[in-house]
Amino acid sequence: MACTSLPKHPLTLLRAPINKSPPSPAFPSLSNASHSQFFGIKLSASSLANPSRSPKRSMLVYAKVSEGDVPPSFTLKDQDGKNVSFSKFKGKPVVVYFYPADETPGCTKEACAFRDSYEKFKKAGAEVVGISGDDPSSHKAFAKKYRLPFTLLSDDGNKVRKQWGVPSDLFGTLPGRQTYVIDKKGVVQLVYNNQFQPEKHVNETLKLLQSL
């Protein structure tokens with residue numbers, strides 16, 4: 001019978017390499033980019049999954065517009081598709097109110113409250129301007145349906161909202177509802193935020209305008 005000879009050298013056992021690196025942090029699924037509500041920091045999902053790449057994140061820091069500030073200028077399209085520059089309102093008081101979206105219950109209530117008090121704003125020599133991320137055609141339908149006599153501007157990509165530092169509501173899931181009263185010199189005299197009582201934006205702005 002043939003016998004198989006064993007090797008004269010001892011066998012070496014090989015161990016599988018042990019991965020000593022710490023487990024990846026468990027981040028929830030994110031879109032390609034997210035913005036910090038408070039600081040405007042733009043983080044990519046890849047940098048969150050790989051902390052070593054975090055120094056490469058881009059920093060987008062926006063100054064929050066407060067009372068006593070001169071807000072950044074802008075040019076946006078109105079409900080008729082025409083460009084409107086913020087500088088157009090220089091020399092007269094202007095009420096700029098940011099709202100989440102056309103046709104939502106709270107935003108409709110707020111718009112109609114500004115409409116119903118529009119003559120009081122005119123008497124105070126003030127213009128009223130509403131801004132949201134809706135496109136001009138949506139604004140046009142919204143203004144026509146509720147007979148809104150003032151300008152609605154389309155903030156594509158919410159760029160102006162970010163530049164002015166308008167905070168989000170409901171843990172960042174909903175664009176904020178914030179109103180600014182700017183005097184004829186272009187200086188902010190009032191910043192008012194109230195997501196759930198939209199009609200109060202009208203009362204507070206009128207109260208201030210009538211005291212100027």
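The protein chain contains six helices and nine strands (DSSP runs numbered from the N terminus, with helices being H or I of at least four residues and strands E of at least two). The model is predicted, with local features requiring pLDDT of at least 70 and side-chain atom pairs pLDDT 80 or more, whereas totals for chains, interfaces and linings use all residues. Residues are numbered from 1 along each chain as its sequence is written, and side-chain values use heavy atoms, without hydrogens and water.

Of the 212 residues, 36% are buried (under 20% relative accessible area, with exposed over 50% and partly exposed in between; 1.4 Å probe, protein chains only). The largest nonpolar core (buried Ala, Val, Leu, Ile, Met, Phe, Trp, Tyr and Cys residues joined through side-chain atoms within 4.5 Å) comprises 25 residues, of which Tyr97, Phe114, Phe121, Leu148, Phe150 and Leu152 touch the most other members. At least two residues each are supplied by several elements, among them strand 5 (94–98), helix 4 (136–145) and strand 9 (188–193). Helix 2 provides the largest share, five residues. A second, separate core of 18 residues includes Leu76, Phe98, Val160 and Val166.

Helix 2 packs against helix 6 at an angle of about 35 degrees, the axes lying 7 Å apart (axes are lines fitted to C-alpha atoms, for helices over the stretch in contact, and angles run from 0 to 180 degrees between N-to-C directions). In this contact (heavy atoms within 4.5 Å), Lys109, Glu110, Ala113 and Phe114 of helix 2 meet Glu199, His201, Val202 and Thr205 of helix 6.
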